[in-house]
There are 2 protein chains.
Amino acid sequence: MRISELSRRSGVSVATIKYYIREGLLPGGRPTGITQAEYDEDHVRRLRLVRALIGVRGLSVHTTAEILRAIAGCDANTHRTLGLVLGALDTGTREHDQAPPAKKGEVDLLIAAMGWQVHPSSTAPRTLSEALTSLQELGIDLDWQTLLPYARLADQIAEVDLDQLGDSEDPLELAERAVLLTVLLEPALMVLRRMAQEHCSATRHLL
Amino acid sequence: MRISELSRRSGVSVATIKYYIREGLLPGGRPTGITQAEYDEDHVRRLRLVRALIGVRGLSVHTTAEILRAIAGCDANTHRTLGLVLGALDTGTREHDQAPPAKKGEVDLLIAAMGWQVHPSSTAPRTLSEALTSLQELGIDLDWQTLLPYARLADQIAEVDLDQLGDSEDPLELAERAVLLTVLLEPALMVLRRMAQEHCSATRHLL
């Protein structure tokens, strides 16, 4: 299809599509003339993924490009795909300070208690330490035992996630589903928590 | 204490403190002269809360002001406090379209299946419908039965949250804890989910 048709199908303007191609978020079309190129269904799908990451979650063009590079490097191994995708997503969090956050020790204890295998290059433990340190500075001091019930529930959520992810021979499709389920489901899970809080609170305090 | 001391204790510049007072995020000090005012521990605490909402979660000054107004209107009833805080937080999400999202019916079925009491004015169901509609447009179609395990886990998370919230005679303190636990714990919970995903994935696929 021509770029105008790709624009119509995806709802993304021609100018934005050309910008994404320049920034490496989308591969160029197959040239069919000096000023024309042909696009296919892979472009439509890729464009949808880019829009989801940038539009729905507000990721930067830079972070989105990193995630797409990680996906492009995936083979059909589910664990490798998920690892790459989560690693790339982690770069989306704010800049880390040099000094280890105050709560690092609690996070290490929690990970050990859960028996979790976390890759040494993962920045997730640091992000968690920083969140706990922020809370501590505001007077809410959570130690690893307090976090344990949350971590156990996270384990159960991850099992549901992996059931949803399923298996696919196509590494691109698998990576896409991993990104979508991990990133786009986050706001949904947080809203479920808020509705549940409202219900639990009513049950406890109004009866 | 003088405004310079408040600035030193909170790490917020004098100019920013004056800006927050003008915008209604912080009450003014008690005047002790034509150009001087006296501030107390309540100001330090309030300033910390403002910094957490704006700095850590990136909420707008407008949304933060709404949350603080809700807190100020709280009595010592835990459920009322939580309801007000969650209602104010919800205004922080993006603008809602007029048309009901495609997935509204699934969300209604889910809420009914869970037996959740959700206040008619709550925008949470709409936010959830929109997240599901986004996923559907990207080819991941989740119905209410698929969401049920997530909702059941959200219920368990909310119970842990309310245990953490505890009870307090001071409505301001209660509201602060509710905001901090709901808003600032979100990034921590999402990171726990990602670590758990990595571990679950390794367990399933590498053994």
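1. In this predicted model, the largest nonpolar core holds 105 residues. Those that touch the most other members are Ala154(A) and Leu192(A), together with Ala154(B) and Leu192(B). The reach of one of them can be followed residue by residue: leaving aside residues up to four places away in sequence, Leu192(B) touches Leu128(A), Tyr150(A), Ala151(A) and Ala154(A).

2. On the fold of the single chain, chain A has nine helices and two strands. Read from the N terminus, its elements follow the order α-α-β-β-α-α-α-α-α-α-α. Of its 207 residues, 40% count as buried. As for contacts in chain A between residues at least 6 apart in sequence, 62% of them join residues at least 24 apart.

3. The interface between the chains deserves separate attention. Here 60 residues of chain B are in contact with 60 residues of chain A. On the chain B side, the elements that contribute two or more residues are helices H3 (41–56), H5 (78–90), H7 (124–137), H8 (144–165) and H9 (171–205). H9(B) gives the most, with 24 residues. Sorted by class, this side of chain B comprises 36 nonpolar, 14 polar and 10 charged residues.

4. The arrangement of the two copies is described by a rotation of 180° with 0.0 Å of shift along its axis, which superposes chain B on chain A with an RMSD of 0.1 Å. The chains are therefore related by a two-fold axis. Within chain B, the C-alpha nearest that axis belongs to Leu153(B), at 3.3 Å. Both copies use the same surface, since 100% of the contact residues of chain B recur in chain A.

5. The pairing of the two H8 helices illustrates this interface in detail. Helix H8 of chain A, residues 144–165, packs with H8(B) at an angle of about 175°, and their axes are 10 Å apart. Because angles over 145 degrees count as roughly antiparallel, H8(A) is roughly antiparallel to H8(B).

6. Which residues in H8(A) meet residues in H8(B)? From H8(A) they are Pro149(A), Tyr150(A), Leu153(A), Gln156(A), Ile157(A) and Val160(A). These meet Pro149(B), Tyr150(B), Leu153(B), Gln156(B), Ile157(B) and Val160(B) in H8(B). By class, the contact of H8(A) with H8(B) has 10 nonpolar and two polar residues, and no charged residues. Two residues of this contact also appear in earlier points: Tyr150(A) is touched by Leu192(B), and Leu153(B) has the C-alpha of chain B nearest the axis.

Key. Residues numbered from 1 in each chain as written. Chains lettered and ligands numbered in written order. Predicted model: local features only at pLDDT ≥ 70, side-chain atom pairs only at ≥ 80, totals over all residues. Core = buried A, V, L, I, M, F, W, Y, C linked by C-beta atoms within 7 Å. Buried ≥ 20, exposed ≤ 12 C-beta atoms within 10 Å, placed from the backbone. Contact = placed C-beta atoms within 7 Å. Helix = DSSP H or I, 4+ residues; strand = E, 2+ residues; numbered from the N terminus. Nonpolar A, V, L, I, M, F, W, Y, C, P; charged D, E, K, R; others polar. Least-squares fit on C-alpha atoms with pLDDT ≥ 70 in both. Axes fitted to C-alpha atoms, helices over the stretch in contact; angles between N-to-C directions. Parallel < 35°, antiparallel > 145°, perpendicular 65-115°, else oblique.
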